[in-house]
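User: I am new to reading protein models and would like a close look at a single part. Please take one helix and go through which of its residues are hidden, and then say what lies around it.

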Amino acid sequence: MEVAREEIFGPAITAVPFKDEAEAIALANDSEYGLYGYVWTRDSPRGLRVARALRTGTVQINGSPMNPDAPFGGYKQSGIGRDGGRWALGTYSELKYIGWTA
């Protein structure tokens, strides 16, 4: 369904049944987009494992609060670079390396 595969902005949520952790991760990553993800679980180690496997710029586990100093941005078609806190500096900088042998 489109609502589960594309970035839908607004108050919307999708719930898709899955058989196991691997299928849940595959379903979540089966999208051209990757801005934000949520994991709801009673198992903290599993929550961290799944969050690390998701191809999204932000993952909140069990509705954690927003962090204004955290990097914000997506993976894939959801953008390149990060805004927010010190992470934004790289987005608005042009770094250069100059090697010199005297």
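Analyst: To follow what packs against what, take contact to mean heavy atoms within 4.5 Å. The model is a predicted one, and the part chosen here is helix α3, made up of residues 44-53.

Within α3, the residues Gly-47, Val-50 and Ala-51 are buried, and here buried means under 20% relative accessible area. These residues lie on the same side of α3, because they cover an arc of only 100° around the axis. An α-helix has 3.6 residues a turn, so residues three or four places apart point the same way. On the face of α3 turned away from that buried side, the exposed residues Pro-45 and Arg-52 are found.

What do the buried residues of α3 pack against? Their partners are α2 (21-29) together with the strands β2 (36-39) and β3 (58-61).

One of these partners, strand β2, leads on to a group of rings, since Tyr-36 lies in that strand. A pair of aromatic rings is described by the distance of the centres and the angle of the planes. Counting rings whose centres lie within 6.5 Å, there are two aromatic pairs. Tyr-36 and Tyr-38 form a tilted pair, with 5.5 Å from centre to centre and 35° between the planes. Tyr-36 also pairs with Phe-72, again in a tilted arrangement, with the centres 6.4 Å apart and 50° between the planes. Because Tyr-36 belongs to strand β2 while Phe-72 sits in the loop between β3 and β4, this pair ties together parts that are 36 residues apart in sequence. Taken together, Tyr-36, Tyr-38 and Phe-72 form one aromatic cluster. Each ring-bearing residue of this cluster is partly exposed: Tyr-36 has a relative accessible area of 26%, Tyr-38 stands at 47%, and Phe-72 at 40%.

A last stop is Ser-78, which lies in the loop between β4 (75-76) and α4 (88-91). With a relative accessible area of 15%, Ser-78 is buried, because buried means under 20%. A polar atom of the Ser-78 side chain lies 2.8 Å from the backbone nitrogen of Gly-34. Leaving aside neighbours within four places in sequence, Ser-78 is in contact with Glu-7, Glu-32, Tyr-33, Gly-34 and Leu-35, so Gly-34 appears both in this list of contacts and in the 2.8 Å approach to the serine side chain.

How values were computed: Residues are numbered from 1 along each chain as its sequence is written. This is a predicted model: local features need pLDDT of at least 70, side-chain atom pairs count only at pLDDT 80 or more; totals for chains, interfaces and linings use all residues. Side-chain values use heavy atoms; hydrogens and water are left out. Helices (H or I, at least four residues) and strands (E, at least two) are DSSP runs, numbered from the N terminus. Buried means under 20% relative accessible area, exposed over 50%, partly exposed in between (1.4 Å probe, protein chains only). A polar contact is a pair of N or O atoms within 3.5 Å; within protein, one must be able to donate a hydrogen and the other to accept it, and residues adjacent in sequence count only if both atoms are side-chain atoms. The arc is that of the directions from the helix axis to the C-beta atoms. Rings of Phe, Tyr and Trp (its six-membered ring) pair if their centres lie within 6.5 Å; planes under 30 degrees apart count as stacked, over 60 as edge-to-face and the rest as tilted.
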